[in-house]
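Reader: I have a structure to go through and would like to talk about its charged pairs. Can you take me through them?

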Amino acid sequence: MERCIHKYLYNFALSNNIISNFQSGFIKGDSTTNQLTYMYNDIVQALDEGTEVRAVFCDMSKAFDRVWHKGLLIKLKYIGIKVQPFNWFESYLSDRQQRVIIANTSSNWSHISAGVPQGFIFGPLLFLIYISDIVNDIHANIRLFADDTSLYIDEPTQASIALNTDLTKIVTWSNTWLVSFTYGIFTTISIPRGTNSNDYNVCCKVSQREF
């Protein structure tokens, strides 16, 4: 049954452009290689044109565990999931509990209000739907591979302002949907063109900052 639901939900999400074209994670026919190729091409093209590239790399903390059930249901309703399948998802996600068992000892049951159930066939798909709107109103180039988010821009005069504005939007989004990034650390990288036209990494600078 889960496989059947996954098939139709996946096709529905793709046909209605619910999953961003910038998302490569858990997408049939896509991969990290394709994403890296796109980014590499954009960066090299910018350097060939003599412009500096600045990038920020973000990683969500415990991404699948951060899928807020009420928020997910809001998004499923928003994208147009009809009443019967919506009620099925609502029933599946509601009143979930978990406990830990070690040897012959177990903890008390604890109610959980977030997290895609482990072993859930369409869990990754629900995660993609949940984070799909993170790309909205982002000025820089953005690439996603599941919970890994990359922002990069080749406009030196506006890069700092644009990236900081985009990061502010992403942080606002994360606060709204109860998602957090690993330790609040964002890795930034500046790639100016080197003096050697064939050497693009000679002046590469990498840093980390809290946001």
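Author: This is a predicted model. Glu52 forms a salt bridge with Arg54, and their closest N and O atoms are 2.7 Å apart.

Reader: Is Arg54 buried, partly exposed or exposed?

Author: Arg54 is partly exposed, because its relative accessibility is 27%, and partly exposed covers the range between 20% and 50%.

Reader: OK, next pair. What does Asp133 form a salt bridge with?

Author: Its partner is Lys75, with the closest N and O atoms 2.8 Å apart. The two sit in distant parts of the chain, 58 residues apart. Asp133 is in the loop between α5 (123–131) and β6 (141–145), while Lys75 is in helix α3 (residues 69–78).

Reader: And why does Lys75 count as buried?

Author: Because its relative accessibility is 7%, and buried means under 20%. Asp133 has a relative accessible area of 23%, so Asp133 is partly exposed.

Reader: Switching to Lys169. Which residue does Lys169 pair with?

Author: Lys169 forms a salt bridge with Asp137, and the closest N and O atoms are 3.1 Å apart. Lys169 lies in helix α6 (residues 159–176) and Asp137 in the loop between α5 and β6, so the pair ties together parts 32 residues apart in sequence.

Reader: Buried or exposed, for Asp137?

Author: Exposed, because Asp137 has a relative accessible area of 60%. Lys169 is partly exposed, with 30%.

Reader: Last one. How many salt bridges does the count come to?

Author: The count comes to three salt bridges.

Notes: Residues numbered from 1 in each chain as written. Predicted model: local features only at pLDDT ≥ 70, side-chain atom pairs only at ≥ 80, totals over all residues. Heavy atoms only, no water. Salt bridge = Lys/Arg side-chain N within 4 Å of Asp/Glu carboxyl O. Buried < 20%, exposed > 50% of the residue type's maximum accessible area, 1.4 Å probe, protein only. Helix = DSSP H or I, 4+ residues; strand = E, 2+ residues; numbered from the N terminus.
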